[in-house]
Amino acid sequence: MRFTLIGPAFPWRGGIPLLTTDLAHRLTAAGHAVQLRTWTRQGPPRLLPAQRHPLSSPEAGVYPTVQEPLSWRNPVQWWRAGRRSAAASEVIILIFYTTLQAPALWMIARLARRRARVVVICANAVPHESRPGDRLLMSLLMRSAGAILVHTAAERDALMQLTDRPVAVAALPPHLPAGVPLIRPSDRPPTRRLLFFGKVRHYKGVDILLEAVTHVPDVELSIVGEFYEELSELHALVDRLGLTDRVRIRPEYLPAEQIPEMFAEVDALVLPYRTATASQLVALAHWHGLPTVVTRVGNFPETVRDGVDGLICTPGDVTDLARALGVLYQPGRLQSLRAGVRPAESENTWRRYLDTLRALAEPCSNADEGTR
């Protein structure tokens, strides 16, 4: 089968470019012909900070991309990408994660579907910070596709309110940056250091985590990641809570080669999200032998075994998060959780993912009748 993938890839950074690239490699390894088109401009830098700082070197194996411009704001390039992709392929896979790109992907889908099957991989069925027009743009895009793949049942339910197209669910497979983890012995003494890692946005609940830390004495917290909100506001909250000596803020994208050392220095990765879709940060932590403290949102309940390799608490609840952090430091508990950590099962998850995607790619697949 001939595929064209359209989505973020190198030089763009983050989890979704890694997913796009890994998918291209795996489809090729399965015997398919694959073209990969990526954005030359993903969106306005004010709203997408990653646009300002493309990678100078890849974080994992690179897949060759079609060398044609594709900007979120240039309809001529959308038209060209749609026509040429349909001429070259039987299946067009669009990787969607922000409504800033929805008009471009909508036009590409409308043009491509005249000659090819269009499948949307929807990484964010519910926008994390909604803007006027989001639901309309998403509905237009999803209705222009032949089928849609999402990563959680909740996302499927959300999309079924916007489109009558078939929507299938497949668990998000691990797609990790290259690197060798620095695994410490599970019985080593606690460092009493915790880590929040990733983009700092309101829905990820960093403010809730800071308040919870005030109830857990002698614990330090590192906040590492790109900021999508005002850094000064977080500094002010740290000062107001009296945590200046216990919180370290590193407002930058951390290169992949620095992740192993950073993860090796802390006791747990804490992900206090208010809401979520699907994240691979638990898989990243487990790859590095690190337990997690997460909230009961998105795919976290499916990726964390509560009390075995991590702890699960209530989203938006400072008291329950503080309780979980206290449990983490009960005698012997941290060592037990470390011993329970296993790297995410990768190959079977990827096999099921590719099988689901191939079923959706069939013009008259059962997905057209059975997944709505």
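**Exercise 1. A threonine and its surroundings**

Find the residues in contact with threonine 292, leaving aside its neighbours within four places in sequence.

*Solution.* Start with the term: contact means heavy atoms within 4.5 Å. With that rule, the partners of threonine 292 are Leu269, Val282, Ala285, His286, Val304, Asp309, Gly310 and Leu311. Next, place the residue: threonine 292 lies in strand E11, which covers residues 292–295. Helices (H or I, at least four residues) and strands (E, at least two) are DSSP runs, numbered from the N terminus. Finally, look at the accessibility: the value for threonine 292 is 1%, so this residue counts as buried. The scale is buried under 20% relative accessible area, exposed over 50%, and partly exposed in between, with a 1.4 Å probe and protein chains only.

Before you go on, keep in mind that this is a predicted model, where local features need pLDDT of at least 70 and side-chain atom pairs count only at pLDDT 80 or more, while totals for chains, interfaces and linings use all residues. Residues are numbered from 1 along each chain as its sequence is written, and side-chain values use heavy atoms, with hydrogens and water left out.

**Exercise 2. Two cores**

Which residues have the most contacts inside the largest nonpolar core?

*Solution.* First, the term: a nonpolar core is a set of buried Ala, Val, Leu, Ile, Met, Phe, Trp, Tyr and Cys residues joined through side-chain atoms within 4.5 Å. The largest one has 56 residues, and Phe197, Leu210, Ile223 and Leu325 have the most contacts inside it. Now zoom in on one of these: leucine 325 touches Leu194, Leu209, Ala212, Val213, Val216, Val270 and Val293, not counting residues up to four places away in sequence. Apart from this core lies another, of 30 residues, including Ala81, Ala86, Ala125 and Leu159. A general tendency fits here: in soluble globular proteins, nonpolar side chains tend to be buried together.

**Exercise 3. A covered helix and the loop after it**

How many residues of helix H6 are buried, and what do they pack against?

*Solution.* Count first: six of the eight residues of H6 are buried. They are Val206, Ile208, Leu209, Leu210, Ala212 and Val213. Then check the partners: these buried residues pack against E7, E8, helix H7 (231–240), strand E9 (247–250), strand E10 (268–271) and helix H11 (318–328).

Now follow the chain into the loop between H6 and E8, where threonine 214 lies. Threonine 214 is partly exposed, with a relative accessible area of 32%. A polar atom of its side chain lies 2.5 Å from the backbone oxygen of glutamate 211. That is a polar contact, a pair of N or O atoms within 3.5 Å; within protein, one must be able to donate a hydrogen and the other to accept it, and residues adjacent in sequence count only if both atoms are side-chain atoms.

Aspartate 218 sits in the loop between H6 and E8 too. It is exposed, with a relative accessible area of 62%, and its phi is positive, about 60 degrees, although it is not a glycine. For background, most residues other than glycine have a negative phi, and most peptide bonds are trans.

**Exercise 4. From one strand to the next**

In which sense do strands E1 and E2 pair, parallel or antiparallel?

*Solution.* Two strands pair if DSSP finds at least two bridges between them. E1 and E2 (residues 33–37) pair in the parallel sense, over five bridges. Take one bridge: leucine 5 has leucine 36 in E2 as its partner. Then trace the path: the chain crosses from E1 through helix H1 (residues 15–29) to E2, in a right-handed β-α-β crossover. Right-handed here means that, with the strands pointing away from the viewer, the path from the first strand over the helix to the second runs clockwise.

One detail remains on this path. Proline 11 lies in the loop between E1 and H1, and the peptide bond from phenylalanine 10 to proline 11 is cis, with omega near 20 degrees.

**Exercise 5. Cysteines and a buried arginine**

How many disulfides are found in the whole structure?

*Solution.* A disulfide is a pair of cysteine sulfur atoms within 2.5 Å. The search finds zero. Look at two cysteines: cysteine 122 is buried at 0%, and cysteine 313 is buried at 1%.

To finish, visit arginine 117 in strand E4. It is buried, with a relative accessible area of 12%. Its side chain reaches the backbone oxygen of leucine 360 at 2.9 Å.
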